[in-house]
Amino acid sequence: MKAGKGRVKAFKGPAGGWGSLRSVAEIVARERLGPAALAQLPRQNKAEGFACVSCAWPKPAHPHPAEFCEEGAKATAWELTSLRTTPAFFQKHTLSELRGWRDYDLEQHGRLTHPLRYNADSDKYEAVSWEDAFRDIGAVLRAMDAKSVVFYSSGRTSLEASYMYGLMARMYGNQNLPDSSNMCHESTSVGLKAAIGVPVGTTRLDDFEHCDALFFFGQNTGSNSPRMLHDLRTCRKRGVEVVTFNPLRERGLERFTDPQNPLEMSTLGETDISTQYHQLKAGGDIAAMTGIAKFLLQWDDDAALKCEPEVLDHAFLKQHTVGFADFAAMVRATSWEVVEQESGLPRHAIEQAAGVYARAKAVMGIYGMGLTQHVKGVDNVRMLVNLLLLRGNIGRPGAGPMPVRGHSNVQGQRTVGITEKTELVPIDRLERQYGFTAPREKGLDTVESCRGVIDGSVKAFVALGGNFLRAVPETAAMEAAWPGLDLSVQIATKLNRNHLFSGKTTYLLPCLGRIERDVQASGPQAVSVEDSTSCIHGSRGKVAPASEHLLSEPAIVAGIATQVVPPNPRIDWDAWVSDYSLIRDAIEETYPDVFKDYNARLFTPGGFWKGNKASERIWQTSTGKAEFLTPTSQNATGFADAAHRYRLMTLRSNDQFNTTIYGYHDRFRGVKGTRDVLFMNSQDIAAAGLRAGQTVALESDADDGVKRRRTDLIVTPYAIPRGCLGAYYPEANVLIPVEHHAEESHVPAAKSVPVRIVA
Ligand SMILES: Nc1nc2c(c(=O)[nH]1)N[C@H]1C(S)=C(S)[C@@H](COP(=O)(O)OP(=O)(O)OC[C@H]3O[C@@H](n4cnc5c(=O)[nH]c(N)nc54)[C@H](O)[C@@H]3O)O[C@H]1N2
Ligand SMILES: Nc1nc2c(c(=O)[nH]1)N[C@H]1C(S)=C(S)[C@@H](COP(=O)(O)OP(=O)(O)OC[C@H]3O[C@@H](n4cnc5c(=O)[nH]c(N)nc54)[C@H](O)[C@@H]3O)O[C@H]1N2
Ligand SMILES: [Mo]
């Protein structure tokens with residue numbers, strides 16, 4: 001597909017519906033799927049099927065006949081494509097040439113088929129044998145200082161491969177284990193852990209049956225977790241109120257037609273999703289929630305005077321929380337002027353939301369990147385917890401925080417040891433189990449790894465999946481620094497931009513996808529993943545692999561591990577690869593509570609739940625209570641407003657999965673044929689002396705004086721609050737300073753980037 005001149009026109013339809021089916025049909029044709037591949041769609045998210053490779057939304061115990069969505073179907077088609085990127089392709093194209101290609105065109109060539117080594121003389125990748133690749137990678141790594149090596153992983157990798165990968169890094173000598181979670185829900189992991197003692201949400205699918213209000217912050221369900229629209233629709237049919245806070249009117253949060261419901265499809269019926277929609281400013285959530293809390297406190301005071309039922313749950317506050325008094329003092333001291341200014345919402349709108357909250361018996365707080373990817377991202381998450389605590393909305397049916405995770409196993413990777421933080425791994429147990437001394441020094445997270453690549457202290461980078469260079473901020477400096485690496489190893493299914501930047505030694509190793517048949521010495525294998533609600537599912541691939549030269553991720557990790565980790569009588573990496581149930585036994589030994597009877601429970605319908613103490617009101621925090629946090633600022637962006645400075649939100653379209661670009665349409669936002677869009681408020685366009693359709697550049701307006709620039713963006717009038725802009729990720733990442741990240745969690749602050757417009 002050519003990314004020619006696009007057009008933007010308001011989209012009138014609902015989320016789902018016929019547009020959804022057309023979009024799937026397009027990609028199925030483009031990827032030239034055969035009948036065997038097509039037959040896989042109904043196996044998605046079924047108990048004996050495979051776990052979708054798209055998002056981490058839970059897989060219900062009683063699935064729909066077709067438990068998949070538009071995005072899941074696209075992700076499946078993307079993996080099962082009949083197109084191939086072979087050594088012959090690389091004979092024709094140098095890396096210099098390929099760096100001129102778009103992300104879409106690189107991946108559109110299809111699945112990688114052979115292990116490849118980069119030859120600097122020809123500037124091309126060339127096929128190598130697996131044995132040579134492992135031997136060479138091992139030799140380079142053995143000669144290096146372990147502290148200078150990074151082991152990145154993207155959240156798609158199974159629990160089995162992730163466990164092996166983390167173990168390998170620790171036995172090699174570091175915990176430099178950044179993962180995509182560092183750019184995503186790490187603000188959740190840090191914020192929820194501090195506030196309620198668990199790093200994950202407390203709610204599950206059946207909570208949708210008991211809630212009476214959903215409060216939604218910065219999560220775009222229609223594009224990023226469409227299967228959840230079914231749950232929202234069911235809630236709405238029951239009369240549940242849905243109150244949404246989002247700078248953009250996202251179609252999936254407005255209306256939905258179930259593409260799998262013949263009646264709705266034939267009658268063009270649709271369900272309204274949000275009952276209130278508040279278009280707050282990017283970075284305005286703390287202020288909006290402070291406003292809601294102001295009403296709740298005021299109404300509670302009034303009720304006490306009139307001897308009416310209380311609005312706050314005082315018994316809960318007293319028994320289960322600390323910090324309420326300080327929090328309430330801050331809320332009372334914050335003026336309405338500040339709340340309105342910082343949130344961009346009028347007081348009466350906040351009053352409406354507060355009214356729903358005060359009346360509801362059980363409220364779920366659902367959120368995504370709109371909260372986590374800010375300088376005050378952790379404060380955002382903790383502010384949502386504050387709000388829930390006010391009426392005891394944690395630890396009972398239908399109530400609690402629900403962070404919507406991204407990658408299908410991103411939460412699970414953390415569970416089995418992919419983390420740079422020592423306190424999150426049972427280090428002593430690992431040492432006993434495997435008889436080695438594990439590193440205790442904190443490892444590098446994503447931001448620290450970027451710093452290390454730029455300053456030259458990181459000398460080798462191994463990536464188990466993902467597209468690190470494209471996903472992280474500071475694109476220009478990162479791409480310029482990458483060739484300084486001594487070693488760059490990428491394990492991947494398709495060619496992406498990161499693969500086009502070489503180190504002194506460079507390998508691109510192709511692996512099986514999760515939907516493909518994985519046969520080892522003991523027979524066909526299954527793997528497992530953990531969803532957003534802490535349920536663990538088995539997944540079995542059945543399709544013939546894209547190439548006979550592919551290895552599975554566990555086999556590739558083992559291939560490297562046997563070269564870099566000294567022989568150890570307690571680990572037989574090859575035996576693990578021959579039978580993955582042995583890896584699961586090892587995982588169970590390390591984490592006996594979570595993974596009890598792991599192999600026996602692998603294919604439990606709906607998954608098996610790993611448990612959650614906060615959902616039982618047991619608070620594993622420093623005080624033994626749920627903790628209010630008083631935010632230090634009402635503005636989550638971390639920077640001050642200034643003349644000509646805008647807050648740029650970097651967004652996903654409906655036609656991408658992270659850095660994988662499926663196409664150039666963003667149906668719900670009315671964009672066709674282009675990604676070079678700058679969403680802008682009409683009044684701002686006029687005030688800046690611009691006109692719709694004009695091409696402009698964005699420049700970084702961070703205070704560090706570094707020049708960062710993204711050119712050729714088309715000014716597009718859009719319903720977006722004044723002072724805010726929207727542009728697509730990953731193309732906009734060039735504008736994000738590496739030091740512009742959430743304070744405590746180091747998640748790049750991709751939802752409020754300071755920029756100015758250059759006409
Ligand atoms: N099809 C598809 N599915 C995906 C992905 C994909 O790229 N494509 N990515 C996967 C991954 S890894 C993740 S993490 C998730 C991401 O899914 P989401 O969490 O939905 O992330 P985004 O699409 O980046 O943006 C979320 C929303 O936040 C809003 N927003 C921006 N700034 C603010 C703010 O300051 N306040 C509020 N309240 N809202 C704000 C935006 O308008 C947008 O609607 O999806 C996963 N699923
Ligand atoms: N500006 C901005 N930046 C962002 C974000 C944002 O909202 N705005 N979002 C952030 C978020 S939430 C995330 S999660 C990160 C995503 O960062 P990553 O997880 O690193 O990126 P992906 O685009 O998901 O990775 C895509 C690549 O993964 C490989 N791949 C696909 N399937 C498999 C597999 O089964 N095995 C292996 N080994 N490889 C596979 C393919 O080669 C594909 O090219 O980006 C972050 N960056
Ligand atoms: Mo993510």
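C307 is exposed, with a relative accessible area of 71%. C55, by contrast, is buried, at a relative accessible area of 7%. Both values come from a predicted model. The cut-offs explain the two labels: a residue is buried under 20% and exposed over 50%.

The model contains 0 disulfides. C55 takes part in none, and its nearest cysteine sulfur belongs to C69, 6.2 Å away. A disulfide requires two cysteine sulfur atoms within 2.5 Å, so the C55 and C69 sulfurs do not form one.

Empty space inside the protein was examined next. Rolling a probe the size of a water molecule over the atoms shows where such space is left. The structure holds 4 cavities of 30 Å³ or more. The second largest has a volume of about 40 Å³. Its lining consists of Y163, G166, L167, R170, V416, G417, L430 and Y591. Helix α8, spanning residues 159-172, gives the most to this lining, with 4 residues. By class, 5 of the lining residues are nonpolar, 2 are polar and 1 is charged.

The surroundings of ligand 1 were then considered. There are 31 residues around ligand 1, and E250, G283, D285, Q656 and N658 come nearest. Several polar contacts involve nitrogen atoms of the ligand. In Q656, a backbone N or O atom lies 2.6 Å from a nitrogen atom of ligand 1. E71 makes its contact through the side chain, where an N or O atom is 2.7 Å from a ligand nitrogen atom. G370 uses a backbone N or O atom, at 3.4 Å from a nitrogen atom of ligand 1.

Conventions
Residues are numbered from 1 along each chain as its sequence is written. Chains are lettered from A and ligands numbered from 1 in the order in which they are written. This is a predicted model: local features need pLDDT of at least 70, side-chain atom pairs count only at pLDDT 80 or more; totals for chains, interfaces and linings use all residues. Side-chain values use heavy atoms; hydrogens and water are left out. On a 1 Å grid over the protein atoms alone, a cavity is a set of points where a 1.4 Å probe fits but cannot get out, and a pocket is an open set with protein on both sides within 12 Å along at least five of seven lines; lining residues have an atom within 4 Å of a point. Grid points are joined across faces, edges and corners, and a volume is the space filled by probe spheres set on the points. Helices (H or I, at least four residues) and strands (E, at least two) are DSSP runs, numbered from the N terminus. Ala, Val, Leu, Ile, Met, Phe, Trp, Tyr, Cys and Pro count as nonpolar, Asp, Glu, Lys and Arg as charged, and the others, Gly among them, as polar. Buried means under 20% relative accessible area, exposed over 50%, partly exposed in between (1.4 Å probe, protein chains only). A residue is near a molecule or strand if one of its heavy atoms lies within 4 Å of it. A polar contact is a pair of N or O atoms within 3.5 Å; within protein, one must be able to donate a hydrogen and the other to accept it, and residues adjacent in sequence count only if both atoms are side-chain atoms.
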